[in-house]
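Subject: The three-chain model, handed over

Hi,

Here is the structure I promised to pass on. Have a look at it first, and then read my notes underneath.

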Amino acid sequence: MNKMRREKAVLRAGEFVSRQRTRAVNAEPLQPGVRAGVQVFLDGSAPVDKAPACDVNTTPTCDGGGPAGVWTNYSLETVQRVGYGSFEPDNGVLIAKNKAWAAGATRGTEGSQCGYNCFTWVEDAHPGDMNAVDYYKPDGTPIMRTVADYRQLNDALFHAGTNSGSSAEYVDAANNLHFYVIDRYTDARGILHYKVGVQNTTGAGPQTRGVALASQPGDALSSCAFKLTNTGAAAATDPALHPQDERASLDNDIYRLSASASGAGWSAELRNALATARFGESVDVPVYISHAAGAEPGNTVTLNATSVSDPSKTATATCASTSAGGTVGGSVPATLSLTLGAPATFGAFQPGVDKEYAASTVATVTSTAGDATLTASPVSAGGLTTASLAGHLTNGAFSLPEALRVEFSKSTWNGPESNDASTITFRQHIGAKDALRTGAYAKTLTFTLATTNP
Amino acid sequence: MRRWLLLGLLVLAGCGADQARDGGRDTLPGSLPAGVTFAAPTSTAVAPPLELSLLDSTPVEGARLWKDRPVVVFFFASWCSRCATQQEALAPLAEKYRDVVTFVGVGGQDKAPAVKSWLDAHDVTYPVGIDGGLQTWRRYAVRQPPAVILVAPGGKLERGWPGGVSRDVLAGQLERLVRR
Amino acid sequence: MIAAAAALSSCGGGASAPNVAVVAPDGVLRELGEPCAGGEPFLYAHATAAWRVEDAAGTVVSSGNLPEGEAIAAFNHDPGVPRVPTFCRFELHAALSAGAKYRLVLPEGEPLPLALKDGKAMVTLG
């Protein structure tokens with residue numbers, strides 16, 4: 001059984017902000033300073049619920065309404081899927097309308113209007129049609145889920161923040177109540193807490209309202225940091241206004257935020273469109289920035305904050321991107337590099353024996369060009385290529401009858417390469433009738449790495 | 001040498017019937033032929049939204065598909081033998097009602113390569129996508145494949161057959177719906 | 001030719017008779033005996049889905065891919081119509097020893113405790 005702190009008559013004192021912890025972990029007695037939730041009692045002349053009458057027989061979203069409903073209070077609770085909450089379909093804030101027990105009834109009495117515990121109307125954050133099939137009859141006729149289906153309330157809970165999958169606010173215009181789900185956090189034990197607000201929409205209360213925004217230094221490329229300050233001032237309120245002294249919960253304001261980006265192709269996003277601060281306190285408001293490829297170079301982010309209690313109190317600040325669409329990088333100098341491995345040697349040629357000799361070395365290629373080709377060409381003693389000496393090993397004035405053959409494992413590249421290896425295989429065929437002169441036969445070859453597309 | 005070449009060519013020709021099916025944008029229907037009208041739906045149930053990314057990433061919306069003609073939605077998976085049987089029943093109807101009734105396949109609990117092979121193996125000529133999060137499956141109360149859904153032009157959910165539908169029953173429904 | 005013959009004989013062998021039944025208690029309306037997959041939320045149990053059996057130390061002792069399941073009656077009562085509430089049962093063979101504790105791991109869901117009793121085991125998805 002949760003002990004609920006009752007917030008009566010917040011209606012007259014402006015706005016109330018409070019934190020509340022997951023209901024499923026709260027056991028009596030609660031530690032001081034920890035709230036299990038908030039209960040807001042409607043007051044005034046009977047019927048206290050000013051919602052218009054409606055017909056439960058024709059309107060599934062009718063909660064009985066006004067006199068027939070006999071609702072007397074709202075409750076806000078934090079639901080988390082732990083403990084007895086494990087069977088809930090969602091985490092979030094449960095906003096519900098409740099009835100007091102019938103006069104003379106005790107808790108849990110069979111047949112009584114048992115008030116908070118079992119006669120409660122959940123406000124649905126998604127009251128629309130579920131648009132889902134329930135089942136098909138044997139002949140294939142579809143039966144759709146009705147709006148009264150128990151699964152309708154699977155997504156009833158309210159969430160904090162933008163793009164939360166649910167809403168962060170609930171308005172009961174008839175009763176001048178506006179509920180805010182301002183923020184949420186998980187504590188060190190993994191327990192969920194929400195910061196909620198309740199507002200009387202007919203007045204700003206005796207407090208003075210005000211807001212200031214200041215842009216913080218930063219590179220303004222992926223986010224802008226702003227500081228929001230509550231420049232209003234507290235006012236004395238009657239400690240007996242509520243069943244317990246709630247003056248501390250009234251010393252604050254709730255602000256509605258909006259952010260925009262000026263540059264074409266830029267966008268500014270808020271994590272939360274609501275913020276709250278105590279009088280004199282500042283809170284950080286980050287705005288996240290993104291831009292599409294081809295966005296224009298300049299961009300300014302504008303943040304606006306408006307007090308929900310007094311919409312005439314508003315502030316704006318901007319933050320300009322100091323560099324936009326700038327390229328990041330390093331330049332690459334044109335490179336064509338060829339390194340040859342150890343010189344190849346065939347070993348001893350055997351005269352009079354028909355044999356194919358092979359030797360190899362490795363060429364290492366680094367190129368930043370669009371294409372590259374590796375070639376080999378013979379070089380004469382004078383450094384000029386001479387066709388007549390093309391490709392024959394020579395020993396002084398003597399040259400081998402058959403040409404030296406050069407093969408590359410890879411000789412063309414279609415793009416840049418770094419340290420790519422090409423095995424150069426040299427083949428020399430010596431025929432049985434080929435005459436050989438004592439000494440070393442050698443050839444100097446020039447290997448050229450060239451490109452048409454540097 | 002020549003004989004081998006000829007054999008090679010023959011094999012290629014043989015593969016023609018098993019051509020690659022990609023369930024992509026080229027399989028989307030063309031314009032409605034002239035003179036085709038449809039009977040009024042018998043159901044008042046509104047077909048839940050159908051948003052699908054075809055295998056070639058073309059986005060498809062049910063509302064656009066059933067704006068002007070009936071749609072048969074086939075919930076299937078490549079690992080499901082009864083889905084192969086169901087496709088055999090659907091194929092002649094998909095052919096008979098080409099451009100008049102749009103058939104669309106919604107895979108679930110499946111991966112693109114397996115689905116693509118299945119499309120080839122079963123000669124699926126209509127658009128196909130995979131419902132990764134099973135959102136559409138759930139909206140249509142499909143708990144396992146196969147299931148066949150019939151949506152009337154305008155978006156009324158006419159019929160749904162979890163477990164699949166026989167060719168005769170579906171043919172009867174289409175016969176009633178399509179007037180030409 | 002010899003290799004092909006060897007393959008054939010191993011397919012028909014009695015060594016791979018199913019000894020583990022995996023049941024998806026989905027309650028889906030099917031005809032009894034129909035080939036099936038686990039109905040949502042058990043759709044991860046379907047033909048070709050990978051399974052493995054780990055022993056107490058976490059070593060994989062057996063693995064494979066699920067075959068298609070078979071629809072079995074969920075209730076004893078016969079309602080007199082062809083399509084009735086069913087569960088989907090998969091039969092597989094795992095090399096297990098009697099008396100040892102194992103876990104069956106499927107693509108989703110918690111690992112399921114598994115132990116042979118009279119040479120067979122049954123696991124119900126949860």
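Which residues of α3(B) are buried? Before I get to that, please keep in mind that this is a predicted model.

The buried ones in α3(B) are B:Arg82, B:Cys83, B:Gln86, B:Gln87 and B:Leu90. An α-helix has 3.6 residues a turn, so residues three or four places apart point the same way. That is a handy thing to remember while you look along this helix. What covers those buried residues includes β4 (71–76), β5 (102–107) and β7 (147–151) of chain B, together with β2 (35–36) of chain C. Helix α3 itself covers residues 81–96 of chain B, 16 residues in all. From first C-alpha to last, α3(B) reaches 24 Å, close to the 22 Å expected at 1.5 Å a residue. The helix also has a kink of about 30° at B:Leu90, shortly before the proline B:Pro92. Note that B:Leu90 is also on the list of buried residues.

Now the chains in turn.

Chain B has six helices and nine strands. Of its 180 residues, 43% count as buried. If you take the contacts in chain B between residues at least 6 apart in sequence, 75% of them join residues at least 24 apart. Confidence in chain B averages a pLDDT of 90, with 89% of the residues scoring at least 70. Be careful with residues 1–17 of chain B, though: the pLDDT there is below 50, and beyond near neighbours in sequence this stretch has zero contacts in the model.

Chain A comes to one helix and 28 strands. It has 454 residues, of which 28% count as buried. Among contacts in chain A with a separation of 6 or more, 64% are between residues 24 or more positions apart. The mean pLDDT of chain A is 83, and 87% of its residues reach 70 or more. Within the chain, confidence is lowest in strand β1 (residues 5–8), at a mean of 36, and highest in strand β8 (residues 142–144), at 97. Two stretches of chain A deserve some caution. Over residues 112–117 of chain A the pLDDT is below 50, yet the model gives this stretch 19 contacts beyond near neighbours in sequence. Residues 380–390 of chain A are also below 50, with eight such contacts.

Chain C has one helix and nine strands, and from the N terminus on the helix is followed by the strands. Of the 126 residues of chain C, 25% count as buried. For contacts in chain C between residues at least 6 apart in sequence, the share joining residues at least 24 apart is 58%. One residue to click on is C:Val81, in the loop between β5 (69–73) and β6 (83–92) of chain C. Is C:Val81 buried or exposed? It is exposed, because there are 9 other C-beta atoms within 10 Å, and a residue with 12 or fewer counts as exposed. C:Val81 and C:Glu31 are 50 residues apart in sequence, but 9.0 Å apart in space, C-alpha to C-alpha.

Next, where the chains meet. Between chains B and A, 13 residues of chain B are in contact with 10 residues of chain A. On the chain B side, α5 (135–139) and β8 (157–162) are the elements that give two or more residues. The largest share, five residues, comes from β8(B). That side of chain B divides into eight nonpolar, two polar and three charged residues. The contact between chains B and C takes nine residues from chain B and 15 residues from chain C. Here the chain B side divides into three nonpolar, four polar and two charged.

Last, the nonpolar cores. In soluble globular proteins, nonpolar side chains tend to be buried together. The largest nonpolar core here has 72 residues, and those with the most contacts inside it are B:Val73, B:Phe74, B:Val151 and C:Ala45. β4(B) gives the largest share of this core, six residues. Apart from it lies another core, of 49 residues, among them A:Val93, A:Val285, A:Ala305 and A:Ala317. For a closer look, try B:Val151: leaving aside neighbours within four places in sequence, B:Val151 is in contact with residues including B:Trp66, B:Val73 and B:Leu157.

Cheers

Terms used:
Residues are numbered from 1 along each chain as its sequence is written. Chains are lettered from A and ligands numbered from 1 in the order in which they are written. This is a predicted model: local features need pLDDT of at least 70, side-chain atom pairs count only at pLDDT 80 or more; totals for chains, interfaces and linings use all residues. Two residues are in contact if their C-beta atoms, placed from the backbone, lie within 7 Å. Ala, Val, Leu, Ile, Met, Phe, Trp, Tyr, Cys and Pro count as nonpolar, Asp, Glu, Lys and Arg as charged, and the others, Gly among them, as polar. Helices (H or I, at least four residues) and strands (E, at least two) are DSSP runs, numbered from the N terminus. The expected span of a helix is 1.5 Å times one less than its number of residues. The bend at a residue is the angle between axes fitted to the seven residues ending there and the seven starting there. A residue is buried if 20 or more other C-beta atoms lie within 10 Å of its own, exposed if 12 or fewer, and partly exposed in between; C-beta atoms are placed from the backbone. A nonpolar core is a set of buried Ala, Val, Leu, Ile, Met, Phe, Trp, Tyr and Cys residues joined through C-beta atoms within 7 Å. pLDDT is the predictor's confidence in each residue, from 0 to 100.
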